[in-house]
Amino acid sequence: AKHDEADKNISAAFEDLSKLMEMAKDMGALSKSITQKLKEKGSSLTDDETVMFKSHLLSLGISDPVTKSAYGSGMTYYQELAKQLAEVLEGPVQESGGILSLTDVYCRINRARGLELLSPEDLLNACKVMESLQLPLRLHVFRSGVTVLKLATQNDEATSTETRQLIDEHGSLSAEQLSPLVHIPVILAKERLICAEQRGLLCRDDSVEGLRFYPNLFLEKLD
């Protein structure tokens, strides 16, 4: 009786898997259809519409993921992978304040690729060649070692100035308070504050109540 029940459970599991695979094919076809429409529309789409469509593509899945079986394991593979990463992630990075941790990138892209999962090493190597290919995304490593993917148009000086303006408005901010204001995770908000501090725009107060940042009035007094 136990064997019969086990057989039924296994059969039911395979039926569910078959349904899931069929659904995945439908989603892949829809993703491919959207990609084709993007190519056909071309310049008639606004930048915002293009970003929106690419964001939808990521949620549906990548219909034709770049693989080693198609491109080998050399530089060509990493270059083609970098192009595909930039295409599907540009929208999500924009929506995330212009910056996305590599951990989030890894989770998002593998969710979109389905069964064709990327290794952390392949992802990192592909991100490293983005700048040489002049793609809209760049790999960036903070001094703390936190690694992110950010928009190529993002200017560190302008970002630090914006951070200083937010500090001026609120008097002082912690990373936890800055995070919801700029729509980025706490760990990246902290890096943003430290970056502004390194440029001399902020100073810190590290006490038992936690780490807070204030406008650097000392530098202004010297000026």
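**A walk from the sheet outwards**

Let's start at a single spot: leucine 100 sits opposite leucine 149, a residue of strand E3. Keep in mind as we go that this is a predicted model.

That facing pair belongs to a strand pairing. Strand E1, residues 99–101, runs antiparallel to E3, and three bridges link them. On to the other partner of E3: strand E2, residues 137–141, is joined to E3 by five bridges, and this pairing is antiparallel too. You can follow E2 against E3 through its bridge partners. Leucine 137 has leucine 151 of E3 as its bridge partner, while valine 141 stands opposite threonine 147 in E3. Between E2 and E3 the chain makes a hairpin with five residues in between. If you look at the turn, glycine 145 has a positive phi of about 105°.

Put together, the three strands make an open sheet with antiparallel pairing, in the order E1-E3-E2. Which strands stand at the edges? They are E1 and E2; each has a single partner strand, so one side of each lacks a neighbour in the sheet. From one strand to the next, the twist averages 30°. As for E3, is it mostly covered or left open? Mostly covered: four of its five residues are buried.

Now bring in a helix. H4 lies across E1, E2 and E3, and its direction makes an angle of about 85° with E3. H4 turns up again when you look at the nonpolar packing. The largest nonpolar core has 24 residues, and those touching the most other members are Leu85, Leu89, Met130 and Leu137. Helix H4 (75–95), helix H5 (102–113), H6 and strand E3 (147–151) each put at least two residues into this core. Which of these elements gives the most? That is H4, with nine residues.

Leucine 137 is a good residue to click on here, since we have already met it as the bridge partner of leucine 151. Setting aside neighbours within four places in sequence, leucine 137 is in contact with a list that includes Leu85, Ala86, Leu89 and Val93, along with Met130, Leu149 and Leu151. Glu90, Lys150 and Ala152 are also among its contacts. There is a second core as well, separate from this one: it has 18 residues, among them Ile99, Val146, Leu188 and Leu202.

Next, the charged side chains. Side chains of opposite charge can pair when their charged atoms come close. With 4 Å as the cut-off between a side-chain nitrogen of Lys or Arg and a carboxyl oxygen of Asp or Glu, the count comes to six salt bridges. Three of them make useful stops.

One links the side chains of aspartate 122 and lysine 68, at 3.3 Å from N to O. Aspartate 122 is in helix H6 (residues 120–128) and lysine 68 is in helix H3 (residues 68–71), so this pair ties together parts that lie 54 residues apart in sequence. Aspartate 122 counts as buried, at 7% relative accessibility, whereas lysine 68 is partly exposed at 38%.

Another joins aspartate 156 and lysine 150, with 3.0 Å from N to O. Here lysine 150 is buried, with a relative accessible area of 9%, and aspartate 156 is partly exposed at 28%. Lysine 150 is also the residue we saw among the contacts of leucine 137.

The third stop is aspartate 168 with arginine 164, whose closest N and O atoms are 2.9 Å apart. Both residues lie in helix H7 (residues 156–170), four residues apart, or about one turn of the helix. Arginine 164 counts as buried at 12% relative accessibility, and aspartate 168 is partly exposed at 42%.

Finally, zoom out to the whole chain. Its secondary structure comes to 10 helices and five strands. How much of the chain is buried? Of the 223 residues, 37% are. The accessible surface comes to about 13700 Å², and carbon and sulfur atoms account for 53% of that. As for contacts, take those between residues at least 6 apart in sequence: 55% of them join residues at least 24 apart.

Terms used: Residues are numbered from 1 along each chain as its sequence is written. This is a predicted model: local features need pLDDT of at least 70, side-chain atom pairs count only at pLDDT 80 or more; totals for chains, interfaces and linings use all residues. Side-chain values use heavy atoms; hydrogens and water are left out. Buried means under 20% relative accessible area, exposed over 50%, partly exposed in between (1.4 Å probe, protein chains only). A nonpolar core is a set of buried Ala, Val, Leu, Ile, Met, Phe, Trp, Tyr and Cys residues joined through side-chain atoms within 4.5 Å. Contact means heavy atoms within 4.5 Å. Accessible areas come from the Shrake-Rupley method with a 1.4 Å probe; for residues, only the protein chains shown count as cover. Two strands pair if DSSP finds at least two bridges between them. Axes are lines fitted to C-alpha atoms, for helices over the stretch in contact, and angles run from 0 to 180 degrees between N-to-C directions.
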